[in-house]
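Subject: Structure for your review, with notes

Dear colleague,

I am passing on the structure we spoke about, and I would be grateful if you could look through it alongside the notes below.

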Amino acid sequence: MAMATERIPITREGYEKLKADLDRMQNVEMLEVAKRIATAREMGDLSENAEYHAAREDQGMLQARINELKGKLARAYIVDPSTLPTGIVVFGCYVRVKDLEQGDEETFHLVGPGQEDYDNNKILTTSPRGQGLLGKKTGETAEIKIPRGTLRYQILDISFPQ
């Protein structure tokens with residue numbers, strides 16, 4: 001239950017993206033689903049109307065996504081990256097690490113909800129990796145417990161987007 005009230009750091013860009021997503025869901029997608037329901041209703045007997053039931057199910061799932069997004073926006077607080085401390089892994093930074101098991105180097109960008117893109121190494125600060133890296137300094141080792149074991153990263157470099 002603590003997660004439900006936990007504040008979420010987010011950039012202005014991420015906040016605006018989430019707001020745009022919410023607006024699209026409420027004012028475009030929900031209207032389309034409502035039209036599908038109305039059209040299906042006109043077909044007659046609702047008890048055997050597959051289109052009607054599918055549209056109602058879609059409406060429920062869309063409403064759940066809308067509620068989740070509203071919750072994220074309500075808990076969000078906008079962070080100005082220029083005010084963050086340097087030399088320590090914090091929200092908004094890029095952190096270059098060396099995997100001490102594999103020997104590979106990777107760079108992660110720690111972001112807030114709405115900006116995550118795991119294919120491009122944009123990870124949430126609330127993810128296990130994000131949590132394990134937060135607060136570390138260059139040269140330190142982060143040991144991060146994940147379901148399949150423990151990741152060990154040496155912090156090589158910390159930088160901020162320009």
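What follows is a description of the sheet, the cores, one helix and one loop residue.

Please keep in mind throughout that this is a predicted model.

I begin with the sheet, in which five strands are arranged in the order 5-4-3-7-6, forming an open sheet with mixed pairing. The edges are taken by strand 5 (122-124) and strand 6, and because each of these has a single partner strand, one side of each is left without a neighbour in the sheet. From one strand to the next, the twist averages 45°.

Taking the pairings one at a time, strand 3 (residues 94-99) is antiparallel to strand 7 (residues 149-159), with six bridges between them, and within this pair Arg96 is found opposite Asp157 of strand 7. Strand 3 also runs antiparallel to strand 4 (residues 105-111), to which it is joined by five bridges, and here Val95 stands opposite Phe108 of strand 4. Strand 6 (residues 141-146) and strand 7 are likewise antiparallel and are linked by six bridges; a hairpin of two residues leads from strand 6 to strand 7, and Lys145 faces Thr150 of strand 7 across this pair.

The sheet leads on to the cores. Which members of the largest nonpolar core touch the most other members? They are Val89, Val95, Phe108 and Leu133, out of 17 residues in that core. At least two residues of this core come from each of strand 3, strand 4, strand 6 and strand 7, and strand 7 contributes the most, with four residues. For Leu133, once its neighbours within four places in sequence are set aside, the contacts are Val89, Val95, Val97, Phe108, Leu110, Ile123, Ala142, Ile144, Tyr153 and Ile155. There is also a second, separate core, made up of 15 residues, with Met30, Val33, Ala55 and Leu69 among them.

Ala55 and Leu69 also appear among the buried residues of helix 3, together with Tyr52, Leu62, Ile66 and Leu73. These buried residues pack against helix 2 (12-41) and strand 2 (76-78). As for the length of helix 3 (residues 50-75), its 26 residues at 1.5 Å a residue should span 38 Å, and since the end C-alpha atoms are 38 Å apart, the expected and modelled spans agree. At the start of helix 3, the backbone nitrogen of Glu51 has a side-chain oxygen of Asn49 within 3.2 Å.

The last item is Thr11, which is placed in the loop between strand 1 (8-10) and helix 2. Is this residue, Thr11, buried or exposed? Its relative accessibility is 14%, and because the cut-off for burial is under 20%, Thr11 counts as buried. The side chain of Thr11 places a polar atom 3.1 Å from the backbone nitrogen of Gly14, and a polar contact of 3.0 Å connects the side chain of Thr11 with that of Gln115. Gln115 is also one of the residues in contact with Thr11 when neighbours within four places in sequence are left aside, the others being Ile78, Val79 and Phe91.

With best wishes

Key
Residues are numbered from 1 along each chain as its sequence is written. This is a predicted model: local features need pLDDT of at least 70, side-chain atom pairs count only at pLDDT 80 or more; totals for chains, interfaces and linings use all residues. Side-chain values use heavy atoms; hydrogens and water are left out. Two strands pair if DSSP finds at least two bridges between them. The expected span of a helix is 1.5 Å times one less than its number of residues. Buried means under 20% relative accessible area, exposed over 50%, partly exposed in between (1.4 Å probe, protein chains only). Contact means heavy atoms within 4.5 Å. A polar contact is a pair of N or O atoms within 3.5 Å; within protein, one must be able to donate a hydrogen and the other to accept it, and residues adjacent in sequence count only if both atoms are side-chain atoms. Axes are lines fitted to C-alpha atoms, for helices over the stretch in contact, and angles run from 0 to 180 degrees between N-to-C directions. A nonpolar core is a set of buried Ala, Val, Leu, Ile, Met, Phe, Trp, Tyr and Cys residues joined through side-chain atoms within 4.5 Å.
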